[in-house]
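Colleague: Could you take a close look at one part of this model for me, the sheet, and walk me through how its strands fit together and what surrounds them?

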Amino acid sequence: MPSPVEKRPLTGASMTPAYDPRTDPNCIFCKIAAGQIPCYKLHEDEWVVAFLDIAPLSVGHCLVVPKAHYETLDRMPAEWAGACAAVLPRLSRAVVAATAAAGWNVLQNNGRIAGQAVGHVHFHIIPRREGDGLGYRWPAGKLEASEAQRLLAAITGKL
Ligand code: 5GP
Ligand code: ZN
């Protein structure tokens, strides 16, 4: 008997064609990916482009951007998410080494409420240093068992 999370495939294999570089002619990141707008490019492959953020939160702040236009992460086929994720370790290592950072955040905003300004999926790499003044409010709560059970059923039911 499969568990609830196994009942549907989680990979993109059965969702959409793997390589479908759809674009939006009004999107700034589509234009950068197509080379129509310049950027300080750190990496490019068939799927992904990575470049320095124009308004950095810290020295070395850069973005990993799929070459296909998907507004938010949930809309992106797994192959595209995987292509972005594949770039993150190597680029993180290079950015951190080159800028002598003490750590870094990978940040990915979805929706205006979450701080997304550009409606094309992207992953921030934000180098961190002692005293940089960056960070989140993180008012941690407590997970009650009854709430956990309710969430398990609700979320796995949607997978
Ligand atoms: P978001 O708030 O959507 O997660 O982040 C969007 C990021 O894209 C911001 O950090 C912003 O500085 C960056 N950005 C917006 N427009 C451009 C651009 O034309 N070139 C570059 N390199 N970065 C951009
Ligand atoms: Zn786009």
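Modeller: Sure. Let's start with one pair of residues: in this predicted model, Asn 105 sits opposite Ile 126 of β5. That bridge belongs to the pairing of β4, residues 103-107, with β5, an antiparallel match over five bridges. On to the next pair: β5 also pairs with β3, again antiparallel, over three bridges. There, Cys 62 faces Ile 125 in β5.

Now the whole sheet. It is open and has five strands, in the order β1-β2-β3-β5-β4, with antiparallel pairing. The edge positions go to β1 (41-44) and β4; each has a single partner strand, so one side of each has no neighbour in the sheet. If you want a number for the twist, neighbouring strands are turned by 15° against each other on average, ignoring direction.

At the β1 end, β1 and β2 run antiparallel and are joined by three bridges. One to look up there is Glu 44, whose bridge partner in β2 is Val 49. The link between these two strands is a hairpin of three residues. As a rule of thumb for reading any of this, side chains in a regular strand alternate between the two faces of the sheet.

Next, the packing. The largest nonpolar core counts 26 residues, and Val 48, Ala 50, Val 64, Val 65 and Ile 125 have the most contacts inside it. At least two core residues come from each of α1 (28-33), β2 (48-52), β3 (62-66), α2 (78-99) and β5 (123-128). The largest share is that of α2, with six residues. Ala 50 is a good one to click on: leaving out residues up to four places away in sequence, Ala 50 touches Leu 42, His 43, Cys 62, Leu 63, Val 64, Val 65, Val 87 and Leu 91. Cys 62 in that list is the residue we just met opposite Ile 125.

A couple of spots outside the strands are worth a glance too. Lys 31 is part of helix α1. With 17 other C-beta atoms within 10 Å, Lys 31 comes out as partly exposed. Leaving out residues up to four places away in sequence, Lys 31 touches Gln 36 and Ile 37. Lys 31 and Lys 67 are 36 residues apart along the chain, yet their C-alpha atoms are separated by 9.5 Å.

Then there's Ala 100, in the loop between α2 and β4. Its phi is near 50°, which is a positive value in a residue other than glycine. Ala 100 counts as exposed, with 10 C-beta neighbours inside 10 Å.

Last, the ligand. Around ligand 1 there are 13 residues, of which Ile 54, Ala 55, Asn 109, Ala 117 and Val 118 come nearest. By type, that shell divides into nine nonpolar residues, three polar and one charged.

Definitions and conventions: Residues are numbered from 1 along each chain as its sequence is written. Chains are lettered from A and ligands numbered from 1 in the order in which they are written. This is a predicted model: local features need pLDDT of at least 70, side-chain atom pairs count only at pLDDT 80 or more; totals for chains, interfaces and linings use all residues. A residue is near a molecule or strand if its C-beta atom, placed from the backbone, lies within 6 Å of it. Ala, Val, Leu, Ile, Met, Phe, Trp, Tyr, Cys and Pro count as nonpolar, Asp, Glu, Lys and Arg as charged, and the others, Gly among them, as polar. A nonpolar core is a set of buried Ala, Val, Leu, Ile, Met, Phe, Trp, Tyr and Cys residues joined through C-beta atoms within 7 Å. A residue is buried if 20 or more other C-beta atoms lie within 10 Å of its own, exposed if 12 or fewer, and partly exposed in between; C-beta atoms are placed from the backbone. Helices (H or I, at least four residues) and strands (E, at least two) are DSSP runs, numbered from the N terminus. Two residues are in contact if their C-beta atoms, placed from the backbone, lie within 7 Å. Two strands pair if DSSP finds at least two bridges between them. Axes are lines fitted to C-alpha atoms, for helices over the stretch in contact, and angles run from 0 to 180 degrees between N-to-C directions.
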